[in-house]
Every structure is written in C-alpha cells, then in structure tokens.
Amino acid sequence: MPESRLRHGRAVAAPAAAVLGVAIAGIALDSYLQYVVGLCVVAILVGAALVPLVGLARIVMLATGAMMGIGAYASSLLITKLGVPFLAALAVGAIAGAVAGFLLGLPAIRFRSHHLAMVTLVFQALGIIVIREWKTMTGGAEGMRVPPVVMLGYTFRSDESNLVLLGIFAAASVLVITILVRGSFGKVLRAITATEVGSTAFGVHLGAYKVAAFTVSCTFLAIAGAILAPRIRIIDPDSFGIMQSINALAYPIVGGMTSVWGGLLGGGLLRALPEALRAFKDYAELIYTALAVLIILVLPGGLVSGIERIAGRVGAFREASLQEESAALSAHDREPTVIRHDAAQPVAAKPSVPALEVLGVSRSFGSLAAIVDVALTVPAGSIHGLIGPNGAGKTTLFNIISGFTEPDRGEVRLFGAESVGIAARSRLRMGVARTFQHVAIYGDLSLLDNVMIGLGENGVLQTIVGSADDALRGPRYRRREDLAKAALDIVGLHARRAERAGSLALGDQRRLEVARAIASRPRLLLLDEPASGVAIEEERRLKDLLHRLNAEWSLTMLLIEHNIRFVVDCCVNLSVMHQGVLVAEGRPDEVIARTDVQQIYFGKV
Amino acid sequence: MLKVDELSVQYGQVVAVRKLSFELGTGEAVAILGTNGAGKTSAVESIVGLLHKSGGSVIYGGTDITGQPASTIVRHGIALVPQLRELFFDFTVDETLLAARAACRGRTPVESDEIYALFPRLAERRRSQAGNLSGGEQQMLAIGRALVTRPSLLVLDELSAGLAQGIVTSVIASLKKIRVSGLSLVVVEQNLEIAAALAERCIVMSVGEAVWRGPVHEAIGSETIRDAFFH
Amino acid sequence: MVEILDLLLGALKIGAIYALAASGFVVIHKATKTVNFAHGAFIMLGAYGAWATLTLLKWPYWVAYTAVPIVVGALAALVEFVILRPLRRADLFSVLIATVFLGVAMMELIRIVYEVELLSVPSVFSGVLAELPGEIFLTKETAWIGAGAIACAVAATLVFERLTLGRGMKAMASNYRGAQLCGYSVPVTYALAWFFGGVLAGLAGVFAAPPMGINPELATALIVPAFVAAVIGGFDSLKGVIVGGIILAIIETLAAAYISSAAKSAASFVLVFLFLLIRPEGLFTEGTRRHA
C-alpha cells in the first residue's frame, strides 16, 4: 500500500520536478540562452495550463494571449503604481485571471465548437483593444516598463536568479495543474468529452465543468503572464495578441493533449523552436504551423503518444508476462462471485410505495405525438420490461423517466417523489441509475475510473477539491475504490479494472455500464437495450446478473428491449407500446401470446 | 441478378449482420423480415453502399459492387428508399425529383410527369417543400425520388412505418403497377401482411443472421416464424 | 447629412467585399459543415494573385478576375481533399484546428515569399462615375467594387440554388445520405464545394486588393468580418451574409467616424457577441434541417 502511494506521489510530482529541472539546468548556459530557457519555462506553464481546456475539454481557445496579458498587466500595475509586493501582486493577477476565465466561461456554456471559438476570439480581441486604449493605465501601444522582481528584500536582477524564480513558480503551478488533471477533475472532464449524456446521468453538471475548465486554465495563464512580465521588462499589447493565442494553441496539440507532459513537451519544444532555427528565423512561424498540421494529421495524440508508442514496443515483452497473469485472473472471473451484502444497505423503501409510477404522461415533438397518455406502475423489487416496434415511444418514455426529456403532461413519481422538472443529473441522488442503448462509457478512462464516476459525488467543486486526494490515492479515494471494485466484481470485470474502457468488447462494455450504474447502490435501474448486439453467451450472463442483482439487492429494474426472448426470460411484467400508446401489460408469456400484440409485429393475417 | 454472398456488417464492436447470403433474379421480389435489431436495415444499407461492409461480397448484374459507395451503386440501377426517407426538407417536390437525375448515368431518367402519374397526390403538392408534406406524401416522394433513377432493383426499408392503412394500400398498389415492367424488389418489413402483398418469398433475420427462408404465405400463421421472431 | 452619405458609400464598398468574403465561407460550411478558419488566407492569396498577375506577369485586370479565383479554388479543393478529408473521419475539433493553423501557415508562406510587406495594385477604374448631391463623387472604382462584389455574391446564391452544379452541394447540405442516394458522391461534392468557396475567396481577394492593399494581414482582416457576417446573416444563408456583410461594414464605418478607431475594431466583435447571445441563428434561417 505505502509503496503505491509513493509511486502515485512521484507521478504527480514528476512534471513539476521536470520543469524545475529545466530551469536549473539552464543556469549552466550562457546569458542569452538563459533568457530563452526562461521563456520556454513560461511556455511550458502555458502548455500545461491549456491541457484542461484544450486537451481535456476540447475547446478551441483563442484568448490565451489576452489572459496572459490580464495577469501581466494586473500584477505589473499593482507593483508599479501601488507598490504592492510581488507575491501579493501575483496572487491578485491570478485572481484576475480566474475572474476573467469565469466570465469567459459563462457565455461559453451555450456554445459549441466554432461559435465557442469565436467567443474566445471576441474576448481576445476586445481584451487587447481595452489594453491598447486605456493609455493612462497601461501605456497603450507603447507598452509599460516592468521592474525586476523584488521579494523579501532581494532583487532578482541576474539572469540566473530570474531563471530560478521562473522555475519555482512554474513548477508550483504545474504541480497544481497535474493534480487537477490526474485527479477527479480531469477524469470528469475526460468523461464529458467521451459522452455528455453518460456523464449527466451520473451527476455531472456540464455547464459548471465548462466554466470551471475556463477558470482553472485562465488562472494559470494569468500567472504565466505575471511571471513573464518582469522577465521581458517591457509589456505591450502585441506581446499578448492573437498570434500568441494561436501559437499557444499548438502547445497541447503538438505535445499531446491529454496529459500534462504533452503540454510541457509542446510548450518547451515549440518555444525553443525559433531559437533552435536561428538560421531560419523567418521560417520559424511557418515551420511551426506546418508542424502543427502535420501532427494533427499523422499523430493525433501528439508527440507524447508517439513516444508512448515507441516505449510501448520496448516494454512489450514485459507486458506479455503481465498479460498472462491478468488472463489467468480473467479466466477465474468468468463466473462472478456472489454479491456481497455490504454493511451499507440501501434504505428500504416502504414496500407499498411503487418504485416507479407514470401517470398520464404525454409528449409530442412538433406535430408528432411520441407518447399519448401512458400510465405504468413498477412495484419495488420488480423487473419490468417494455417492448414495442420502432417509433412506439419507448425511448421517449425512458428519457422522461430518467430526466433527459420532460413530458408535456402527466406525472412521474420515483419512490413516491415527484420527479418531473428535476434535472437528469440529479436522478442519481434520487436513487435512479441508467444504462444506454449506444454504450456511453468513458473510453479513455480505466474501468475502475468509469465505475468510480458512477458512484456520484461529481459536483465540480467536489472534484476540484478532491483531486489531490484522488491523484495521491488518499483515504477518500480508497473508500470509493473499494465500492467500485465491489461493483466490478459483481459483473465479473474486477481483474480488468486497470484496462482502458475503450478497449473492451461490446458485451464487456455493457457489463461495465451495469457496474457503473449499480456502484452507487441505486434503488431503480433503467436499462436501455442491454442485450443489443451481444452474443447469446453474453445474453445469458447478463440475464443471470440482472436476476441476481434483483434477488440480492431487491433492485427494481425497468428495461427496454427488442430481443423478445431476453425480455420474456428476464421480466416479471411486460408492457407493450405501439405508436405512442400502451397496448398491453401483464406477464410476459401471456402478453406475447396475445393476438393483438402479435399483430403489431406481424400485421393482420 | 443480385447475388449477396456472406455479407457481414460490423460497427466497432457490434456485429449487425453475420454472413448473410441470398440471390435475386430479374423481376423477382423478396422480403426481409425480422424485429428491430435483427439487422435488416444494416444489411440493405450495406448492400446499397451507405454502410461499410466488413465482409462478403455483392454482385449485381455481373459486376462486383462490394467496395463501391452509394453514389456509385445507385448509378448501377439499385435504388433505396431508406427507413427514415432522408428527404431534403427545403427542396420542393419538383426539385427533389430533379435532384435525383444525377444518378442516371447512361440511362434516361424517369420524367417527373410519370412519377406524378403514379402518385397523383404528389402532383397536387409539387411546389410544396418536402418538410411540409404529410407522412404519406413524404413516403411517396421518397419512392418517387428513387424511381427517377430508373432502377432495375428497388429496395424499400419499412415503407409502412408511421403510415395510415389507407396510404399503405395505395402505395402498395402503385408499386405493383411498376413491377409489371420487370422491376425487382427487396422489401424490408416487420409486418408480414405488407410483405405478402409485395413479395413471393422471404428471408427471416434474427440477431444478424438469416434463420428461415421460404414462401411468404408459409411464413404467415407459421409457428416457426413466431419462434424465429421471438426465439 | 452629406457626410453620412459619403460614409455610407465607403461602407457599401467594404460591405460588398465582406459579403463576397462571407459567401465563400458560407458555401463551404453549408455543403460540408466545416468552418474554414483558413478562408481569410485564401482571400489573401487572391489579392496576391492579383498583384502577381498585374505586376509580375503584366496581364490585364480581366485575367486577374478570371484566372486567380480559379487557381485559388483549385488550391482550396486540394486542401479539402488531401488534408481535411482524412481528418474529418476523426472529429470536427481536429478539422477546425487544422484550418486555423493552415491559415497561419499560408500567411507565413506569403510573408516569406514576398518580403516587402506592403504591395499595391492600381485601381481597376479611374475617374468619377457620377456626382451626387452635396458634392460627393461616386468614383467608378467604388461603383465597380460595390456592385461587382455584390453581383458575384448574388451569382453565388443563384449557382447554389438553381444550377445543376449547385444542386449536388445543396442536396449534400440538406441531407448527406439522401444526396448519396441521388447519385452525388461525397468526396466529389465536398471538393466541388471547396472549389466553389475558394473561387469566391479568390474573387474577394482580387476585389479587395486595390482598396485594402496587399499584405498578409489581409487574411486576419477578412476572416473575422466573414465570420461575423455569417453569424449576422445566418450561417447557412447565402442571401443573409450579403445583408450581414453590409450591416457590419456600415456599423464599423459609423463607429470609426463618430466614436473612435478603436471602436471600429471593437465593433465587429461586440456585434458578433450580441448576435450570438440574442439571435445565434442569424437574421435569415434558411430552414435547412440537418437530417442525420
């Protein structure tokens, strides 16, 4: 246990240590190169700062320059005009960046892709215009002078001392960024990029995370600007213009989008490029952008993924022995273990309160009446099936019950509580979890991380504050890990918990979805075509799993399916929908033997 | 004329169609039956080139069309009326029929007037935008658009979906009229009655595979079919 | 009053260029769902092409107006076919980013090739066309650019809507599966759309060269108005962007005249932001429902 804590601690500290190392190594170089290394250290910080926003949240961020400018000007103005000490000014600059990021993030909630890119461009352009026009404060286009840093009575005038200073601040910032990216915050950002509905269903507020990504990134961009300012001695609007934003955008893209190392590598390399190509200085920008396009085409994961691939081949034979071990474990896992009764039992609802009551629900989309006056009751502890041909309205009903759509009329009660109007992301807290027809797992995360997100407690402030515990595998992490492991064990995926979810076969992905859905011990489980596309063997296993969950936990289930055989074997009660209306309900074998039900499928004969 | 050999369709993990084989001669009609998720739509959309084939081959009129995209296959003479109709909502009926002419390389396109003769309802609405038509009219337009290309094989995917009985009957009548000229049909359906009206024989699919073949009238009322559908 | 008329004439000239710039941008987006952040760079190439034709090759203007757009169009089609097609299979984010960097790359290439930053070409026409009340002179140049650019933008609308050439693009824009079933090949239609968009960009560049000068910054100077005009007019409306471009130019001109030059720079950004907040679909929605 302790050694793995150490391992994680090392992994978290490594990028920051690397940054510090670069800075210190630079001391050995001559004066000019020290200056360049200093700029690279700042660029490394910028690259890392953009990882949450550009890399994880996939937002085309064109306001980087302006954000750095905000940090630079805010802190420099405080120092020159008000004599504020450097550390305090830096802190204020960081806060200014946070506020700016927050303000940029708010409208960002409404927009996607190119509109969002435009909004960031608007911010960038207006920001620079403000800086340029506010001549009395900022010195306008001519710029303003920034004195060297004075801290604790010492003036950082020499190149060496400046480099060390930059290194320390950049490393400290990179450390925090690493914790956030590797911790729960970064994981949820990745989950959102993988599937928005799959995240919402487990308590994630999409808008809040978008704003948070902006706020976090912009805070560190402002810090980067604030530590850059005293180094370059004169700041002007051009230092923070649109070209800076575009160049910075290349850092995570070239380096590698989804890890802090990528931001580091991209920032350091690309900032050093113009210097390395001194002879081709004019061509620098061209090579830069051509490189970016090339990397996007050829190596979408950035340089880091290229390095990983090479390293992967080198470590291949080590992998093989590990694989044999895990294969042996998986074989054992074929027959999942008995479901354990944990100390924490779900609070048993009063037996008379049905798990689900749908009363007179209707919903139209334009002129199409998707569901008309549907009523359905699922008693607690029951397994209920819902079938019907395409266009019958099953998915719409399902989405209403799980909160993704609102009905035009009617009520839906979950364990007696009115649920219409309650957002989808709040359903988990009500004890309702669901799976999706098109598997909505978080492909880039491990099985374990997938299920841990399924535990809930995914509020944005919670995950930000909890990232340290998460990244360092602290006590809260361990507690949640145990719950997640238990859920994986139930579905038989425990041995593969460290694998990447995207690499699983479809049947296993569906099992993963079930594990994620049951991790929080819900009271009602909604399954959307759980048997779709799986082989017969998997079907049987899934059926057994659902029966066991139902028996051991009294877990109520409602499932949509097209596979009649599956539904007949699995369910206690069956409802049939056709053209938006409930046409039959009762025991499965009775229902499908009915002529009117058969006619729905076969037509009148 | 159409020879489908061990056709397989896979999206990522999902095997939608598994080694489907069948043949269709000139002027013949076959129905592909099955419940949702059986793979019927995936099979025909793959034959027509809208979906990528992961295995097998399709030969039409002696030419191997396996690797070709839909825009090329339609020029060979196979026209699909897809399940969702896929109309151009902002095109008028007239414009829609004109748009399909691009598929008529080497063949004279069917004039819009002939289509209107077949579907008089459409003639009345010729200047309306497709998005403003009723469900039945949209279905007729989708079929009309496919017919403009003067196909030798017409594939219909769940033509009855969401349509009132009366419209369905009239559409079936129109289709029977065209078949006289030697048009082959592949009819994808969940509804046996409609299948019986248009095709002589059928293939029943379940979970991606063909599980039963035979004359449609045998399928009707047969326990085997019920089992095949319901397993 | 006189002053306003004079200003408006100038605004119309610039607005016409904006409208033409936006037309190509919208054609590409309508038919291929791609936002081409490199569009400004293509316009810039058109301007440099005009210079090369007139000053290097010493050919007459009409050659510039015909040959340069075709060359730019071919280049755009090439970019789509070689770079964007493989990327589109991945995700739209990559395509967007790729166009951003491609645009910058093209700007840099031009900067390297033509080291002198500011080039110029002579006006197409010299002299006055008409004298308007209040001693305002409508120069032939202003009339040519204003009317010519608008005419091209309108012609683009007609080609897209009426001609067989445009029908495939329009069909693909409306429903790409349905379009395939009508015999329109996706790679061919996309390349055609980019060619068409590139031609319009090249034309915009040739029109813009005399009044706006020829330098790499033309790329950034025109991509923003193109985008803003598209937001104002409606991202998929070819008629709308003509209106959008003119509105933008008028507001910029008035802001510059009555507030300050900084306001002029800010105007387009404030305008686009307001539209995105209040009416993101633009003034004209052409009702293309993207039917997946």
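## Chain B and the contact between chains C and A

In chain B, strand E4 (residues 55-60) is joined to E5 by 2 bridges, and the two strands run antiparallel. One partnership to look for in this predicted model is B:Tyr60, whose bridge partner in E5(B) is B:Thr63.

These strands belong to an open sheet of 4 strands in chain B, with the order E2-E1-E4-E5 and antiparallel pairing. Its edge strands are E2 (14-24) and E5 (63-64) of chain B, each pairing on one side only. Helix H1 (residues 40-48) of chain B packs on the sheet, where it touches E1 (2-11), E2 and E4 of chain B. The direction of H1(B) makes about 115 degrees with that of E1(B).

Stepping back, chain B holds 10 helices and 10 strands. Its radius of gyration is close to the globule-rule value for 231 residues, so chain B is as compact as a globular protein of that length. Here are some overall values for the chain.

| Property of chain B | Value |
|---|---|
| Radius of gyration | 17 Å |
| Box filled by C-alpha atoms, along the principal axes | roughly 45 × 35 × 35 Å |
| Residues that count as buried | 51% of 231 residues |
| Contacts joining residues at least 24 apart, among those at least 6 apart in sequence | 66% |

Now to the contact between chains C and A, which takes 30 residues from each of the two chains. On the side of chain C that touches chain A, helices H3 (61-88), H4 (92-113), H9 (218-233) and H11 (261-278) of chain C each supply at least two residues. H4(C) gives the largest share, 14 residues. That side of chain C divides into 26 nonpolar, 3 polar and 1 charged residues.

Key:
Residues numbered from 1 in each chain as written. Chains lettered and ligands numbered in written order. Predicted model: local features only at pLDDT ≥ 70, side-chain atom pairs only at ≥ 80, totals over all residues. Contact = placed C-beta atoms within 7 Å. Nonpolar A, V, L, I, M, F, W, Y, C, P; charged D, E, K, R; others polar. Rg over C-alpha atoms; globule rule 2.2 N^0.38 Å. Buried ≥ 20, exposed ≤ 12 C-beta atoms within 10 Å, placed from the backbone. Pairing = 2+ DSSP bridges. Axes fitted to C-alpha atoms, helices over the stretch in contact; angles between N-to-C directions.
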